[in-house]
Amino acid sequence: MKNRREFLHLSALGFLSPMMLPLTKPYIIAEESKKGIVKQPEDGETFFVRENTPITIQISKKMDSADSISICTEEIQPGAKIATHKHLNEDEYFTFLKGTGSIKIDGLEFPVKPGTSGLVPRATWHSIQNTSSESLIFTFGYSPAGFEDFFRQIGTPKGIPYKAKTAEEILSFAEKYGIVYKPK
């Protein structure tokens, strides 16, 4: 060391550089993987999770290397309901496109109609019910992406005769993907 100023400069860099790494690394990773994704309705993968309940996976971690979010569409028949559940690893978001119904989040019930949007933080109980005489159609997704693979596991691909999974099979996949159903 030539002098005290050089010593202080090098000491400060040595102290600050570990704190700067977390700030620079995500930026570099984001820049390297940055790409746009556009899908047409027919580009998605459709799975029937019940005989008349299709879920179409439009953007996913598996198909598109999209780690941050997934985008899906679901159609729920009149009177049908998605059971109360929570996701342990993902936040879930919704935008309702057609029909009317309700969404319950942590015991609070909210009406939904076309244009209604919602966000359910991870580990929060929620359910959806179609209260109309027409299909309730909505777009939804997860952050981070990955949970959409659950539908690939429990569903039957479009074009193949529907085959329901047993309750035990569904609960096994639910545990694998971090979804918990509320006891009735």
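The legends below describe close-up views of a predicted model.

**Figure 1. Overview of the predicted chain.** The model is predicted. Four helices and twelve strands make up its secondary structure. The chain has 184 residues, and 34% of them count as buried. Its accessible surface is about 11600 Å², with 59% belonging to carbon and sulfur atoms. Among contacts with a separation of 6 or more, 65% link residues 24 or more positions apart.

**Figure 2. The seven-stranded open sheet.** The strand order is β8-β5-β10-β3-β2-β1-β11, and the pairing is antiparallel. The edges are β8 (117-120) and β11 (156-157), each of which pairs on one side only. Strand β1 (residues 45-50) is joined to β2 by five bridges. Four bridges tie β2 (residues 53-59) to β3. A further five connect β3 to β10 (residues 136-143). Each of these three pairs runs antiparallel: β1 with β2, β2 with β3, and β3 with β10.

**Figure 3. Two faces of strand β3.** This view covers residues 71-76. Cys72, Glu74 and Ile76 form the covered face. Ile71, Thr73 and Glu75 form the uncovered one. Two residues of the uncovered face also mark the pairing with the neighbouring strands. Isoleucine 71 stands opposite isoleucine 59. Glutamate 75 has isoleucine 137 of β10 as its bridge partner.

**Figure 4. Threonine 56 in strand β2.** Threonine 56 lies in β2. Is this residue buried or exposed? Its relative accessible area is 15%, so threonine 56 counts as buried, the cut-off being under 20%. Across the β1-β2 pairing, threonine 46 stands opposite threonine 56. The two side chains also make a polar contact, at 2.8 Å. Beyond its neighbours within four places in sequence, threonine 56 is in contact with Gly44, Glu45 and Thr46. Ile71, Cys72 and Thr73 complete that list of contacts; these three residues belong to β3. Proline 157 is 101 residues away along the chain, yet the C-alpha atoms of proline 157 and threonine 56 are separated by 9.8 Å.

**Figure 5. Serine 135 ahead of strand β10.** Serine 135 sits in the loop between β9 (126-130) and β10. Why does serine 135 count as buried? Its relative accessibility is 12%, and the cut-off for buried is under 20%. Which side chain makes a polar contact with the side chain of serine 135? That partner is glutamate 75, at 2.9 Å. Glutamate 75 is on the uncovered face of β3. Leaving out residues up to four places away in sequence, serine 135 touches Glu75, Ile76, Gln77 and Pro78. Lys98, Gly99 and Asn130 are touched as well.

**Figure 6. Strand β9 and its two partners.** Four of the five residues of β9 are buried, so the strand is mostly covered. Three bridges pair β9 with β4 in the antiparallel sense. In this pair, isoleucine 82 stands opposite isoleucine 128. Strand β6 (residues 101-105) is also antiparallel to β9, over five bridges. Here glycine 101 stands opposite asparagine 130. Asparagine 130 is also one of the residues that serine 135 touches.

**Figure 7. The largest pocket.** Its volume is about 390 Å³. Of the 22 lining residues, Arg50, Ile82, Phe151, Ile154 and Tyr181 are the closest to the pocket centre. Which strand gives the most to the lining? Strand β4 does, with four residues. Elements that each supply at least two lining residues include β1, β4 (81-87), β5 (91-98) and β9. Strands β10 and β12 (179-181) and helix α3 (149-154) do too. Ile82, one of the residues closest to the centre, is the residue opposite isoleucine 128 in β9.

**Figure 8. Backbone details in three loops.** A cis peptide bond joins serine 143 and proline 144, with omega about 0°. Proline 144 is in the loop between β10 and α3. Serine 65 is not a glycine, yet its phi is positive, at about 55°. Serine 65 lies between α2 (61-64) and β3, in a loop. Its relative accessible area is 57%, so serine 65 is exposed, the cut-off being over 50%. Alanine 123 also has a positive phi, near 65°. The loop between β8 and β9 holds alanine 123. At 43% relative accessibility, alanine 123 counts as partly exposed.

Notes:
Residues numbered from 1 in each chain as written. Predicted model: local features only at pLDDT ≥ 70, side-chain atom pairs only at ≥ 80, totals over all residues. Heavy atoms only, no water. Buried < 20%, exposed > 50% of the residue type's maximum accessible area, 1.4 Å probe, protein only. Pairing = 2+ DSSP bridges. Polar contact = N/O pair within 3.5 Å; in protein donor to acceptor, adjacent residues only side chain to side chain. Contact = heavy atoms within 4.5 Å. Areas by Shrake-Rupley, 256 points an atom, 1.4 Å probe, with all protein chains shown as cover. 1 Å grid on protein atoms, 1.4 Å probe; cavity = no way out; pocket = protein on both sides within 12 Å on 5 of 7 lines; lining within 4 Å. Points joined across faces, edges and corners; volume = space filled by probe spheres on them.
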